[in-house]
Amino acid sequence: MLTTSSLSIGYHHPLASNLNLELHPAELVCLIGPNGVGKSTLLRTLAGMEKPLAGTVWLQHDNLHHLPAMELAKRLAIVLTGRVESPLLTAYELVSLGRYPYTDWLGRLTARDEVAVRHAMHLTDTWRFQARPLAQLSDGERQKVMIARALAQEPKVLLLDEPTAFLDLPRRVDLLQLLRRLARETQTAILLSTHDLDLALRLADRLWLFSSNGTMEIGLPEALALNGAIARVFQSEGAYFDHAIGAFRVHQAIHGPLTLEGDGYGITAAWTWRALERLGYEVHNGKSRYPLRVEILAESHWRLVTPSTQTDHFSLESLLTQIAQFHSHENLL
Amino acid sequence: MQPYTPCILHSLLIIPSMPRWIFLLLVLLLLLAFALSLAFGSVSIPFGQVVHILLGGIPEKAAWADILFKFRLPKALTAVLVGAALAASGLQMQTLFRNPLADPYILGVSSGASLGVALVILGLGTGSTALTFISGLGTLGNFTLALSASAGAALVLGAVLLLARRVQNTLTLLVTGLMFGYLASAVVSLLIYFSQPERVQVFSLWTAGSFGGVTWPQMQVFAPAALFGLLIASTMVKPLNALLLGDEYARSLGLNVRRARVWIIVSASLLAGVATAFCGPIWFVGVAVPHVARSLLKTADHRVLLPASVLMGAAFALLADLIAQLPGSQRVLPLNVVMSLFGVPVILSIILRQKQLRQL
């Protein structure tokens with residue numbers, strides 16, 4: 001569908017060189033990587049908005065950068081990060097602008113165009129508010145309308161630059177699931193950039209992992225997590241990717257090890273774990289035997305065992321206060 | 001709003017979704033304003049006689065035919081064309097720059113025209129030759145003004161277009177246009193500073209604006225130029241709609257943004273330049289009418305906004321001119337003064353009545 005051969009991207013200096021990428025129909029690919037590596041530049045180059053420094057982007061056997069603009073618009077659509085500021089435009093009017101490459105000089109919709117617009121709006125569940133002006137749409141609704149507009153172009157390839165950026169978590173999940181469904185139902189190749197590593201890992205068919213040295217690792221999300229590629233790309237001082245749990249750990253241990261006992265209390269244990277980590281402890285499970293130990297005895301009953309004392313607590317708050325006290329005491333010695 | 005329904009009448013009228021009754025109302029308003037401006041002035045002519053004379057009948061008073069054909073008809077036509085031209089120009093500029101404050105003169109066209117006129121009136125010749133040449137109220141003098149205004153407007157337009165082809169960013173264009181405007185205004189001020197009071201008087205008369213200066217021979221240049229500008233504007237409605245989404249989206253939809261921008265500027269500046277050249281810088285219509293159109297029709301679709309703005313602009317210009325004539329009296333108020341004095345309250349009341357201030 002869309003392939004690149006020895007593609008170099010960037011403005012004056014290459015951000016990445018010799019990229020050989022491939023997008024397939026019905027596949028949802030997430031482009032992830034740290035800030036500033038050139039995710040947007042790559043998307044814009046693939047969309048024909050920027051010229052490549054070297055190499056070629058192929059769209060169905062045609063050099064994408066040589067296609068006439070109208071022809072390209074019929075095959076490829078993009079959703080950008082910037083907000084559209086046209087409060088009077090209704091959702092329907094906005095989506096119907098997606099028919100731009102198909103309509104006559106006045107932009108009049110034929111019956112065929114109307115079907116395409118309605119179909120795009122039904123697919124994205126935006127038909128409900130088709131008559132509402134943009135000013136009265138929430139960020140999530142707006143983003144879906146923008147996607148409907150892109151679908152109205154009936155593209156073979158759909159590119160999205162951080163479509164989840166302004167949305168809360170439920171809406172982000174919702175949007176990615178929608179895109180995944182769209183890829184299947186419309187046989188479109190969908191590529192989106194995101195900072196949502198967790199969601200990308202759960203919902204993408206494939207990850208393009210862009211690292212700051214300009215290399216690209218491509219593979220199944222789970223495979224890239226397993227071989228440590230994700231941890232490598234995202235390593236930084238404040239956080240690291242723990243591939244045992246498939247998520248970032250934010251705090252580095254500053255206080256040394258601690259044993260947390262009480263695996264029987266799953267949720268309590270998980271949140272206690274996080275609280276202790278936040279305080280700066282390197283938390284280990286009940287099999288370890290460190291001098292500092294927290295035992296979970298019931299759902300809200302914790303016991304703190306230090307080499308010299310043993311105290312019982314009935315709230316996390318009191319447990320943490322006690323640990324902090326123990327700590328300042330230890331520092332004095 | 002209903003999705004566009006294909007309809008033969010609508011496609012003929014280039015207004016796919018404008019409610020028909022509003023369109024009809026606007027046409028009626030325009031016809032009424034036109035009739036009023038033919039009938040009223042320093043001398044009132046009964047409506048029946050107006051129609052009678054226009055159809056080739058013999059008037060009750062011989063002077064009426066002269067008044068009608070030599071003065072009121074060309075003046076009314078001029079008002080219609082200028083109102084339509086400035087409204088269409090302002091609409092295009094507001095969308096192109098995505099700025100509700102943009103007007104037809106934002107790229108410095110009127111400043112250029114003023115400079116041209118100022119150079120002729122204030123700067124030309126040392127003695128009284130140039131002055132008598134112009135203030136003789138002869139057709140030739142008026143035409144000289146129109147020519148010099150056109151030359152000045154064309155100069156600025158040329159410079160802006162040269163830039164528009166090179167500059168990627170529309171905002172840069174806006175700022176450079178403003179700078180050109182300031183530059184031209186500065187030169188005009190300088191000329192005024194060093195000129196004799198009589199000449200300054202003639203110049204300030206020109207800046208007050210008037211629809212009365214266009215004679216039939218001039219109309220043969222003025223009308224085709226204005227209509228040509230409107231024609232280009234009507235071919236730009238689709239690109240203008242795409243530009244509502246911003247340059248990048250417009251480009252991704254297949255629009256050649258740079259080319260569209262050049263044509264929009266050509267159309268908007270031609271309309272503004274022609275209007276200024278023949279009638280002086282007419283303010284207010286260009287910036288206000290598109291807002292009224294958006295407010296009343298509650299749409300951002302240029303297929304609706306363009307014809308609506310054209311009709312409203314024409315009617316507004318006719319009515320403003322009618323008031324400026326102070327019907328029944330021998331005095332005439334400066335057109336720009338009337339536009340603002342009577343236009344501002346009317347238009348504010350329309351725009352502020354909306355729950356939220358309408359944007360583009």
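**Surface patch, domains and strand pairing in the predicted model**

In this predicted model, L171(B) has a relative accessibility of 55% and therefore counts as exposed, the threshold for that class being a relative accessible area over 50%. The residue belongs to helix α8 of chain B, which covers residues 170–193. L171(B) also contributes to a nonpolar surface patch of about 510 Å², the other contributors being V175(B), L178(B), M179(B) and Y182(B).

Turning to chain A, the domain assignment divides the chain into domain 1, spanning 2–236, and domain 2, spanning 257–332. The C-alpha centres of these two domains of chain A are separated by 46 Å.

Strands of a sheet pair through backbone hydrogen bonds, in either a parallel or an antiparallel manner. In chain A, an open sheet of 6 strands with mixed pairing follows the order β7-β8-β9-β4-β10-β11. The edges of this sheet are occupied by β7 (76–79) and β11 (216–219) of chain A, each of which has a single partner strand, so that one side of each is left without a neighbour in the sheet. On average, and with direction ignored, neighbouring strands of the sheet are turned by 15° against each other. The partnership at the β11(A) edge can be described in further detail: strand β10 of chain A, comprising residues 206–210, runs antiparallel to β11(A) and is joined to it by 4 bridges. Within this pairing, L209(A) is placed opposite E217(A) of β11(A).

A further set of pairings in chain A involves strand β17, which comprises residues 301–305 and is mostly covered, since 4 of its 5 residues are buried, that is, under 20% relative accessible area. Strand β16 of chain A, formed by residues 293–298, runs antiparallel to β17(A), and 5 bridges join the two. The connection from β16(A) to β17(A) is a hairpin through 2 residues, and A298(A) stands opposite H301(A) of β17(A). β17(A) is likewise joined in antiparallel fashion, here by 4 bridges, to strand β18 of chain A, which consists of residues 310–313. These strands, β17(A) and β18(A), also form a hairpin, with 4 residues between them, and the bridge partner of W302(A) in β18(A) is H313(A). β17(A) thus takes part in antiparallel pairing with β16(A) as well as with β18(A).

Methods. Residues numbered from 1 in each chain as written. Chains lettered and ligands numbered in written order. Predicted model: local features only at pLDDT ≥ 70, side-chain atom pairs only at ≥ 80, totals over all residues. Heavy atoms only, no water. Patch = residues over 30% accessible without salt bridge, like charges linked within 9 Å, V, L, I, M, F, W, Y side chains within 5 Å. Areas by Shrake-Rupley, 256 points an atom, 1.4 Å probe, with all protein chains shown as cover. Salt bridge = Lys/Arg side-chain N within 4 Å of Asp/Glu carboxyl O. Buried < 20%, exposed > 50% of the residue type's maximum accessible area, 1.4 Å probe, protein only. Domains from an automatic or database assignment. Pairing = 2+ DSSP bridges. Axes fitted to C-alpha atoms, helices over the stretch in contact; angles between N-to-C directions.
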